Amino acid sequence: MPTMEKNSEQTEIQSAFDELAKQPADFELPDSFTKTKPMEYKFIKRNIYISKKLKRRIDDGIFCSCTPSPESPNVCGIDCHCGVLLACCSSACKCGSSCLNKPFQRRRMKKMKLVQTEKCGSGIVAAEDIKRGEFVIEYVGEVIDDETCEERLWKMKHRGDSNFYLCEVERDTVIDATYKGNKSRFINHSCCPNTDMQKWIVGGETRVGIFASKDIRKGEELTYDYRFVQYGPDQECHCGAVGCRRKLGVQPTKPKMSVKCQVYQNGGLQIGSSQAVARSKYSKVCIGEVIRIKHLENVWAY
């Protein structure tokens with residue numbers, strides 16, 4: 001008897017579903033299914049070293065000889081030896097408290113706001129005007145080695161994660177902002193970005209800073225070029241820039257440098273690849289002379 005009653009109940013339910021299937025009905029998924037939410041993470045101010053063998057190094061011995069003058073009380077401008085080498089001045093320098101070459105220690109993070117973009121998910125817009133060359137924010141997270149990075153990538157793949165927050169700093173050193181980081185993890189890619197990602201030496205430790213590559217107006221979205229390293233199928237680029245490369249894995253073409261005399265020019269940080277070095281040879285002897293090096297939009301005098 002109980003079995004007959006159960007079968008009768010199942011028949012009635014099936015009949016009800018069959019009737020509903022015959023009638024067209026509007027159905028909408030809840031917002032939780034259609035709107036993506038930013039992955040939860042823990043906010044941190046500084047890198048956290050996870051792998052035991054990755055430890056902060058002592059000062060690498062880079063120092064400058066800049067000293068204050070009556071004309072300008074501030075020191076360590078564009079001609080500072082440390083700044084040219086992308087290294088913050090340290091206690092070994094003679095510049096003192098008036099040093100301007102300490103972007104990570106003294107310059108505040110720019111005001112910014114987390115927003116939802118039309119095609120690229122979460123993004124960051126400037127909450128104040130930012131001038132070209134100014135320090136915007138440091139890219140921070142958990143510092144891991146290649147082995148740990150590979151383990152995390154496999155776990156992400158098995159979970160079906162599509163967002164990655166990995167930044168390769170150097171060999172066997174990766175900053176992973178997936179679980180711990182700051183707002184820099186939400187900055188989107190652009191083929192025509194308004195910020196640059198740069199590696200700096202700070203007290204012997206390699207840190208990554210994001211600097212404005214052009215003047216940025218309040219309300220403008222912050223972007224940089226991911227120099228994307230492909231781990232799977234091609235990913236479409238939705239940056240909307242005039243010179244968009246369409247695919248995140250496509251590398252930009254760089255114009256050849258025109259340099260007088262014999263010089264070595266270090267390229268910028270490239271995520272997932274070694275630092276590029278361009279070399280030019282000329283017969284003229286330039287020892288003791290002043291030369292000008294022009295690389296993209298930046299000009300340095302030596």
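## Surface and overall build

Accessible areas are obtained with the Shrake-Rupley method and a 1.4 Å probe, and for residues only the protein chains shown count as cover. On this basis the protein chain exposes about 20000 Å², of which carbon and sulfur atoms supply 53%. The structure is a predicted model, in which local features need pLDDT of at least 70 and side-chain atom pairs count only at pLDDT 80 or more, while totals for chains, interfaces and linings use all residues. Residues are numbered from 1 along each chain as its sequence is written, and side-chain values use heavy atoms, with hydrogens and water left out.

The protein chain has five helices and 17 strands; these are DSSP runs numbered from the N terminus, with helices (H or I) of at least four residues and strands (E) of at least two. Of its 302 residues, 36% count as buried. Buried denotes a relative accessible area under 20%, exposed over 50%, and partly exposed in between (1.4 Å probe, protein chains only). Among contacts (heavy atoms within 4.5 Å) between residues at least 6 apart in sequence, 65% join residues at least 24 apart.

## A network of salt bridges

Side chains of opposite charge can pair when their charged atoms come close. A salt bridge is counted when a side-chain nitrogen of Lys or Arg lies within 4 Å of a carboxyl oxygen of Asp or Glu. The structure holds eight salt bridges. Glu-142, Arg-152 and Asp-176 are linked in a network of such bridges.

In one part of this network, Arg-152 forms a salt bridge with Glu-142, and the closest N and O atoms are 2.9 Å apart. This pair links distant parts of the chain, with Arg-152 in helix H5 (residues 146-159) and Glu-142 in strand E6 (residues 142-144), 10 residues apart. Arg-152 also forms a salt bridge with Asp-176, where the closest N and O atoms are 2.7 Å apart. Here too the pair links distant parts of the chain: Asp-176 belongs to strand E8 (residues 173-176), 24 residues from Arg-152 in helix H5.

The members of the network are buried: Arg-152 has a relative accessible area of 14%, Glu-142 has one of 6%, and Asp-176 is buried as well.

## A partly exposed pair

Another salt bridge joins the side chains of Asp-161 and Arg-159, at 2.8 Å from N to O. Asp-161 counts as partly exposed, at 23% relative accessibility. Arg-159 is likewise partly exposed, with a relative accessible area of 47%.
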